[in-house]
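Have the sequence and the 3D view open together before reading on. The text moves from the overall layout to single residues, and it helps to find each part in the view as it is named.

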Amino acid sequence: MPHAAASVNRGFSMPGPHATGAAIKLRGVSPGGITLTKEADMAVERTLSIIKPDATRRNLTGKINAKFEEAGLRIIAQKRIQMTPAQAGTFYAVHKERPFYGELCEFMARAPVVVQVLEGENAIAKNREVMGATNPADAAPGTVRAEFAESVGENSVHGSDAPETAAIEISYFFSGLELVG
Ligand code: CMP
């Protein structure tokens, strides 16, 4: 896979300028007589994050990024873009049949978003913890959505929900060369 894999094993990655996202599993392999085990088990993941229009409008990008970094997530790629409703619709195609789909696409295209790739151990779950529940009314205190989200529809951030979706979502916005881990 050329780029954007969500799970990156960095323990014994191939030499190169940056991780390309390829998962390299060497458990039990002993190159040069050295047994590689424990470090190879450390799962460094990547996840796609979006700071949504309600948050960029209120100039909250820095405050939200601070929460990611305080949780140990590294922002290894980031850009500010404005999507068309069609581009937002493709991104959220999984929700196509939901009653809020049209509203969601319109909202995501209404103003700029900041798309980013976060990297860290268990980054997908960690990011979801930092974001809090989808509906800010249910979000735990201290989470991004509890502090900043305006409603379930305008909830400040998006984060991938699984390694497979993270890989697809990252590749929707970023090329491998843009991921600088
Ligand atoms: P997100 O994590 O980006 O994934 C899908 C989005 O759909 C979700 O955040 C919400 O912003 C939005 N969403 C989910 N449920 C509703 C709803 N009942 N009404 C409007 N938007 C919703």
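The paragraphs below go through the overall layout, one strand, the nonpolar cores, the ligand and two loop residues.

The model is predicted. The protein has 181 residues, and 44% of them are buried. Its elements are 7 helices and 5 strands. Read from the N terminus, their order is β-β-α-α-β-α-α-β-α-α-β-α. If one takes the contacts between residues at least 6 apart in sequence, 75% of them join residues at least 24 apart. On the outside, the protein exposes about 9,500 Å², and carbon and sulfur atoms supply 55% of that area.

A good place to start is the strand β2, which covers residues 44–51. How many of the residues of β2 are buried? The count is 8 of the 8, so β2 is largely enclosed by the rest of the structure. In a regular strand, side chains alternate between the two faces of the sheet. For β2, one side holds V44, R46, L48 and I50, while the other holds E45, T47, S49 and I51. Both of these faces are covered, and all the residues listed are buried.

Which strands pair with β2? One is β4, which runs antiparallel to β2 and is joined to it by 8 bridges. In this pairing, T47 stands opposite L118 of β4. The strand β5, residues 157–159, is also antiparallel to β2, with 3 bridges between them. Here S49 stands opposite G159 of β5.

Two residues of β2 also lead into the interior. L48 and I50 are among the residues with the most contacts inside the largest nonpolar core, which has 20 residues. Others in that group are M108, V117, F173, F174 and L179. The elements that give two or more residues to this core are β2, β3 (74–81), α3 (85–91), α4 (101–108), β4 (113–121) and α7 (163–173). The largest share, 5 residues, comes from α4. I50 shows how distant parts of the sequence meet: leaving out residues up to four places away in sequence, I50 touches F91, M108, V113, V114, V115, S156, V157, H158 and F173. Another core, of 14 residues, lies apart from the largest one, and among its members are L73, L118, V144 and V157.

The model also contains a ligand. The residues around the ligand are K52, Y92, H95, F100, L104, T134, R145, V152, G153, N155 and H158. Three of these can be looked at one by one. A polar side-chain atom of K52 lies 2.7 Å from an oxygen atom of the ligand. For H158, an N or O atom in the side chain is 2.9 Å from a ligand oxygen atom. G153 takes part through its backbone, where a polar atom is 3.4 Å from an oxygen atom of the ligand. On its own the ligand has 460 Å² of accessible area, of which the protein covers 78%.

Finally, two loop residues have a backbone angle worth checking. N59 is not a glycine, yet its phi is positive, about 60°. N59 is found in the loop between α1 (53–57) and α2 (61–70). Is N59 buried or exposed? With 70% relative accessibility, N59 counts as exposed. N122 also has a positive phi, near 50°, and is a residue other than glycine. This residue, N122, lies in the loop between β4 and α5 (123–131). The relative accessible area of N122 is 44%, so N122 is partly exposed.

Notes
Residues numbered from 1 in each chain as written. Predicted model: local features only at pLDDT ≥ 70, side-chain atom pairs only at ≥ 80, totals over all residues. Heavy atoms only, no water. Core = buried A, V, L, I, M, F, W, Y, C linked by side-chain atoms within 4.5 Å. Buried < 20%, exposed > 50% of the residue type's maximum accessible area, 1.4 Å probe, protein only. Helix = DSSP H or I, 4+ residues; strand = E, 2+ residues; numbered from the N terminus. Contact = heavy atoms within 4.5 Å. Areas by Shrake-Rupley, 256 points an atom, 1.4 Å probe, with all protein chains shown as cover. Near = heavy atom within 4 Å. Polar contact = N/O pair within 3.5 Å; in protein donor to acceptor, adjacent residues only side chain to side chain. Pairing = 2+ DSSP bridges.
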